[in-house]
Amino acid sequence: MILAFVEHTGGTPTEPSLEALTLARELAADTASRLDAVVFGAEGAATADHLGTYGVETVHHADDERLDTYAPEAWAESVGQLVDTEGPEAVVAPGTDRGQEVLAHVGAKRDLPVVSNCLDVEAGETYELARQRWGGSLVEHAVLDSETKLLTAAEHEFSPSEADTVTAPTVRPFTLELDESDFRVSVDRVEESDTTGVALGEARVVVGGGRGVGGPDDYDKLETLADRLGGTVGASRAAVNEGWRPHEDQIGQTGAKISPDLYIACGISGAVQHMVGCKGADNILAINTDPEAAIMQKADYAVVGDLHEVVPELNAALGKEP
Amino acid sequence: MDTLACIKRVPDTGAKITLTDDDQHIDASNLGFTISPHEECAVEAAIQQAEAHEGTATVLSLGPPDAEEQLRTGLAMTADEAVLLETEGEEWRPRETATAIADAVRDDADANLGFDLLLFGDESADAGNHQVGVRVAEALDVPFVGGVSHLDVEDGTVVAKRDVTGGMEVYELDLPAAVGVKEGVNEPRYASMRAKMQARKQSIQRSDPPSSEFAGGIEKLRLEAPDTGEGDAEVLGEGVEAVQAVADLLENELEVT
Ligand SMILES: Cc1cc2nc3c(=O)[nH]c(=O)nc-3n(C[C@H](O)[C@H](O)[C@H](O)COP(=O)(O)OP(=O)(O)OC[C@H]3O[C@@H](n4cnc5c(N)ncnc54)[C@H](O)[C@@H]3O)c2cc1C
Ligand SMILES: Nc1ncnc2c1ncn2[C@@H]1O[C@H](COP(=O)(O)O)[C@@H](O)[C@H]1O
């Protein structure tokens with residue numbers, strides 16, 4: 001059996017979970033085995049219909065009210081106990097904060113290796129797989145030899161695809177032996193944030209500014225351009241380190257991953273750690289004084305020039321009604 | 001309160017990653033070295049918490065002798081002690097790394113762990129396993145939260161927050177505890193010239209951790225730099241003369257106006 005760890009909101013599986021399920025189903029097909037899922041939370045059982053369209057046969061629902069709130073060690077111990085009793089060949093989780101964290105705990109508790117951020121897996125006696133390194137700028141090919149294979153699926157790398165034959169999964173509540181100490185880490189409360197404006201990750205147009213912008217005030221030009229295009233402003237790490245923009249604006253390996261229709265990179269050199277954050281952009285336009293800058297090979301379109309001249313002029317051109 | 005930050009030496013790759021001929025490693029012959037930005041924040045948090053709660057901050061790295069450079073950067077940021085678990089430069093997997101770190105922390109123990117708060121990066125820059133912090137915490141039987149973007153310690157309790165859609169989830173952990181922090185949790189200080197000079201003279205505790213052998217596991221075959229479809233960009237023009245072409249592109253071709 002292949003076991004998928006599924007996160008959901010109010011009974012609807014999350015997108016990264018559907019991506020992980022897609023990988024899990026491929027593995028089930030490769031090994032001619034059954035696909036099961038494990039879910040937590042009061043509304044976990046409500047995922048069954050949706051999971052049926054992905055070919056899941058049994059939905060294992062953790063039957064303990066204390067598990068309704070996320071508690072990484074208790075969730076991991078539950079998955080561990082399911083591994084003990086059901087003996088899945090592999091457990092596949094989404095490459096999210098929770099997915100990674102729970103699987104790492106399972107690995108630690110059962111002394112098993114974990115392979116995170118998988119891109120491609122071929123199941124055989126051992127598993128031959130490809131995984132992301134350097135936030136996605138490099139791929140590692142490796143072989144995994146382990147009694148139970150613990151894998152997470154890299155986010156945004158699998159397109160969720162439904163099964164050819166829809167199943168009607170059985171929901172099986174499973175009981176656990178958990179200690180009070182398993183609950184020493186759990187979500188105490190959730191603080192809601194009043195975010196305004198377009199989130200970087202969801203914007204259709206992003207105007208990024210790097211060290212070439214030269215100072216905090218010059219971002220005004222970029223803000224105007226972003227406004228004209230209904231988008232939002234982002235930054236490189238160099239600009240954030242200078243204190244010109246908050247870290248929330250940072251795009252890249254240790255910042256936000258964006259996937260807009262258009263990314264306009266102004267005064268950004270094109271370091272791999274920056275580009276890995278914007279590789280999801282459909283089009284990249286670079287504005288840079290240096291025709292040799294690395295971004296000139298990575299962008300689709302380029303303007304060789306000073307952003308302080310080009311951007312205001314562009315704002316003026318876009319501002320004119322036809 | 002004594003704190004520990006774990007850091008990993010990695011090549012500082014620029015605009016292009018070049019692999020060695022056997023595709024086993026990044027060709028670092030022309031590169032400098034650094035640590036993950038997440039780990040810079042772990043060091044800063046270790047120093048801040050030690051300062052606020054009257055204790056010491058220690059930086060620890062498992063890596064080649066040259067990882068001394070990254071430890072000295074930590075000392076220059078005003079960490080009090082540095083520990084190097086010396087390897088021969090080969091790659092250690094998360095299980096082995098965590099076992100060695102946990103053993104080192106345990107060895108240090110007088111009454112309890114020797115440290116009240118262990119800080120990790122959310123993920124290492126090169127391997128991105130998302131595991132070492134969790135595995136160390138499990139080995140030492142202390143609570144762990146990763147992906148932390150806000151961190152406070154009040155009256156023996158760690159308050160750690162993690163971003164989720166629409167807000168932040170809040171965790172409260174009793175000390176001793178471990179956390180994995182993300183860049184943005186604080187602003188790492190710059191080391192002064194004087195601190196850098198001083199750090200050069202400070203001593204570093206060294207030990208050779210036994211390379212633990214695990215049955216089975218993961219074996220690297222090779223690395224690959226994915227084809228990013230790089231080519232030359234279509235140059236729309238130079239300076240302000242390009243503006244009309246850009247406006248046309250945005251309005252007519254990409255239709256984003
Ligand atoms: C582990 C790790 C993680 C990292 N994570 C990130 C990350 O998440 N995000 C990130 O961005 N970086 C990240 N970095 C840093 C990254 O390697 C680069 O240092 C950084 O992206 C450089 O920023 P920049 O392009 O703004 O600056 P620079 O490299 O200094 O480039 C500035 C560019 O501006 C151009 N320019 C100057 N003046 C003008 C002008 N007037 N008009 C037009 N162009 C001009 C120059 O020609 C140059 O190309 C990370 C590094 C490491 C080691
Ligand atoms: N070799 C190492 N030496 C010291 N700390 C490490 C090492 N490898 C990983 N870590 C720590 O564990 C975190 C998570 O690493 P990883 O599990 O590889 O993503 C890193 O950000 C570091 O804080």
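**Figure 1. B:Gln49 in helix 1 of chain B, in a predicted model.** B:Gln49 has a relative accessibility of 9% and therefore counts as buried (buried means under 20% relative accessible area, exposed over 50% and partly exposed in between, with a 1.4 Å probe and protein chains only). Helix 1 of chain B, where you will find this glutamine, covers residues 37–52 (helices are DSSP runs of H or I with at least four residues, strands are runs of E with at least two, and both are numbered from the N terminus). Leaving aside residues up to four places away in sequence, B:Gln49 touches B:Met1, B:Thr3, B:Leu117, B:Leu151, B:Asp152 and B:Val153 (contact means heavy atoms within 4.5 Å). This is a predicted model, in which local features need pLDDT of at least 70 and side-chain atom pairs count only at pLDDT 80 or more, while totals for chains, interfaces and linings use all residues. Residues are numbered from 1 along each chain as its sequence is written, chains are lettered from A and ligands numbered from 1 in the order in which they are written, and side-chain values use heavy atoms, with hydrogens and water left out.

**Figure 2. Strand 6 of chain B and its two parallel partners.** Strand 6 of chain B runs over residues 117–121, and five of its five residues are buried, so the strand is largely enclosed by the rest of the structure. B:Leu117, B:Leu119 and B:Gly121 point one way, while B:Leu118 and B:Phe120 point the other way. Strand 1 of chain B (residues 3–6) runs parallel to strand 6 and is joined to it by three bridges (two strands pair if DSSP finds at least two bridges between them). Here, B:Leu4 has B:Leu118 as its bridge partner. Strand 10 of chain B is also parallel to strand 6, with five bridges between them. In that pairing, B:Gly121 stands opposite B:Val181.

**Figure 3. A cis peptide bond and two positive phi values.** Most residues other than glycine have a negative phi, and most peptide bonds are trans. In chain B, the bond from B:Leu175 to B:Pro176 is cis, with omega near -5 degrees. B:Pro176 sits in the loop between strand 9 (167–174) and strand 10 (177–181) of chain B. B:Asp155 has a positive phi, near 45 degrees, and belongs to the loop between strand 7 (144–154) and strand 8 (157–164) of chain B. With 79% relative accessibility, B:Asp155 is exposed. Over in chain A, A:His156 has a positive phi near 60 degrees. The loop that holds A:His156 lies between strand 10 (149–153) and strand 11 (170–174) of chain A, and this histidine is exposed, its relative accessible area being 62%.

**Figure 4. Where chain A meets chain B.** The size of an interface is often given as the accessible area lost when the parts come together. Chain A and chain B bury about 6,700 Å² between them, with 55% of it on carbon and sulfur atoms (buried area is the accessible area, with a 1.4 Å probe, that two parts lose on being put together, summed over both). In chain A, the residues that lose the most area to chain B are A:Trp134, A:His141 and A:Tyr301, together 11% of what that side buries. The contact draws 77 residues from chain A and 81 residues from chain B.

**Figure 5. Salt bridges and polar contacts between the chains.** The interface of chain A and chain B holds 13 salt bridges (a side-chain nitrogen of Lys or Arg within 4 Å of a carboxyl oxygen of Asp or Glu). One salt bridge pairs B:Glu172 with A:Arg189, whose closest N and O atoms are 3.0 Å apart. Between the two chains, 47 residue pairs are in polar contact, both residues at pLDDT 80 or more (a pair of N or O atoms within 3.5 Å; within protein, one must be able to donate a hydrogen and the other to accept it, and residues adjacent in sequence count only if both atoms are side-chain atoms). Helix 4 of chain A (residues 97–110) gives nine residues to the side of chain A that touches chain B, the largest share.

**Figure 6. A:His105 in helix 4 of chain A, and a strand pairing across the chains.** A:His105 is buried, with a relative accessible area of 1%. Not counting residues up to four places away in sequence, A:His105 touches A:Pro72, A:Glu73 and A:Ala76, along with B:Val134 and B:Glu138. Elsewhere, strand 9 of chain A (residues 138–145) and strand 12 of chain B (residues 217–224) run antiparallel, joined by seven bridges. There, A:Leu144 has B:Ile218 as its bridge partner.
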